[in-house]
Amino acid sequence: MTASTRRLALLAAVVIGVLAVGVSAFASAAPDGLEWALRDGCSESSGELRGTCPAQHEREHALGDYALGSTGLAAGAGAALVLLLAWGGVALLRGRGARE
Amino acid sequence: MTASVAMHLSDGVLDAPTSLLFGAIAAVWLTLAAARGRIDIDDRTAPLAGLLAAFLFAMQLLNFPVLPGVSGHLYGGALAAILLGPWVGSLCLSVVVVIQALLFADGGLTALGANVTNMALLGTAAGFVVALAARGVARRSRAGLLSVAFLAGLVSTVAASAGFVVEYAIGGQADVSLGGLAGVVIGVHAVIGIGEGVITALAVGAIARVRPDLIYLVRTSEARQPAAVAS
């Protein structure tokens, strides 16, 4: 990696860290577009969806409470993990391609 | 901060055969992307793929309001395709979606194939096709590059949401009007797509200013003169 690429990578990593750990706390808590659309046709009453809509069939995630959640630190750890996996995975693909 | 993310489908919305079908489609696509993506990989690709995956993971947590009571966020299919090409871009986005599902309960495990198909396959491919069709415009000027990135971001979001509608038509669990569902899903994602397009254009514009050689779309094929888009 050249010095210029290294500087850029470092700057990008800092920006990503700030986004994941800090700024994400200020994100909108409103339902996202898909979740909102899947509730179309239902109304919510005391935590239950009444009417007919796709969201009524949503099941709890299999991981349940074991999921890492979405706190700032968990988000930072997730960002670091995907960085390593994508970087390593692509580097591995390149290495394998070079050998063939 | 919300834990739910646009276009990340939960378990149970699609029936089991449909979930399996799209799991198989996603697996075939990722195998193809891994095989074809090798030719696009050079010294810069692996670090850029890692940083982009981390950036997309972080940005997918940043929901912005789009309508009263509705939010959206960058998902990054067009951005990944413009920076890394369709194959590596697709792999990069898949890493994000898989980690979200496996470790963050974000997107169902049985819906993983559908989520990868919508975002990593359809969205990335649609964004790249638009960007490729307008590559001449993107190379001509900075304004051209930003316009193409915006359009690719918008189209990729709509394409990914249309993918869900097709999946729901095949194996949706609720007895709802498909036309009505399509209108609501695609309509709201067209609005979210404007935000996707703006952020895609800003990100591509920022990279074009400092390292235009990192942008796959404008550096490949005959005209290897990316400096033109930096001015």
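Helices (H or I, at least four residues) and strands (E, at least two) are DSSP runs, numbered from the N terminus. The model treated here is predicted.

**Exercise 1. Read the fold pattern of chain A.**
Task: state how many helices and strands chain A has, and in which pattern they follow along the sequence.

Solution.
- Step 1. Count the elements: chain A holds three helices and two strands.
- Step 2. Order them along the sequence: the pattern is α-α-β-β-α.
- Step 3. Add burial: 31% of the 100 residues of chain A count as buried.
- Step 4. Add contact range. Take the contacts in chain A between residues at least 6 apart in sequence; 34% of them join residues at least 24 apart.

**Exercise 2. Dissect the contact of chains A and B.**
Task: find how many residues each chain gives to the contact, and which element of chain A gives the most.

Solution.
- Step 1. Take the totals: 56 residues come from chain A and 63 from chain B.
- Step 2. List the elements of chain A that give two or more residues to this side: α1 (3-22), α2 (33-38) and α3 (72-99).
- Step 3. Rank them: α3(A) gives the most, with 17 residues.
- Step 4. Sort the chain A side by class: 37 residues are nonpolar, 13 polar and six charged.

**Exercise 3. Classify a helix pair in chain B.**
Task: decide how α3(B) and α4(B) are oriented to each other, and give the handedness of their crossing.

Solution.
- Step 1. Choose the descriptors. Two packed helices are described by the angle between their axes and the distance between the axes.
- Step 2. Read them off. The axes of α3 (residues 77-84) and α4 (residues 86-103) of chain B come within 7 Å and cross at roughly 135°.
- Step 3. Apply the cut-offs. Angles over 145 degrees count as roughly antiparallel, and 65 to 115 as roughly perpendicular. The pair fits neither class, so α3(B) and α4(B) are oblique to each other.
- Step 4. Give the hand: the crossing of α3(B) and α4(B) is right-handed.
- Step 5. Name the residues in contact. α3(B) supplies B:G77, B:A80, B:A81, B:L83 and B:L84, while α4(B) supplies B:P86, B:V88, B:G89, B:C92 and B:L93.
- Step 6. Sort them by class: eight are nonpolar, two are polar and none is charged.

**Exercise 4. Locate the core.**
Task: identify the residues with the most contacts inside the largest nonpolar core, then list the contacts of B:I82.

Solution.
- Step 1. Size the core: the largest nonpolar core has 108 residues.
- Step 2. Find its hubs: B:A53 and B:I82 have the most contacts inside it.
- Step 3. Find the main contributor: helix α7 (residues 142-171) of chain B gives the largest share, 15 residues.
- Step 4. Set aside neighbours of B:I82 within four places in sequence. B:I82 is then in contact with B:A131, B:A149, B:A152, B:V204, B:I215, B:Y216 and B:L217.

Technical notes: Residues numbered from 1 in each chain as written. Chains lettered and ligands numbered in written order. Predicted model: local features only at pLDDT ≥ 70, side-chain atom pairs only at ≥ 80, totals over all residues. Axes fitted to C-alpha atoms, helices over the stretch in contact; angles between N-to-C directions. Parallel < 35°, antiparallel > 145°, perpendicular 65-115°, else oblique. Left-handed = near helix turned anticlockwise from the far one by under 90°. Contact = placed C-beta atoms within 7 Å. Nonpolar A, V, L, I, M, F, W, Y, C, P; charged D, E, K, R; others polar. Buried ≥ 20, exposed ≤ 12 C-beta atoms within 10 Å, placed from the backbone. Core = buried A, V, L, I, M, F, W, Y, C linked by C-beta atoms within 7 Å.
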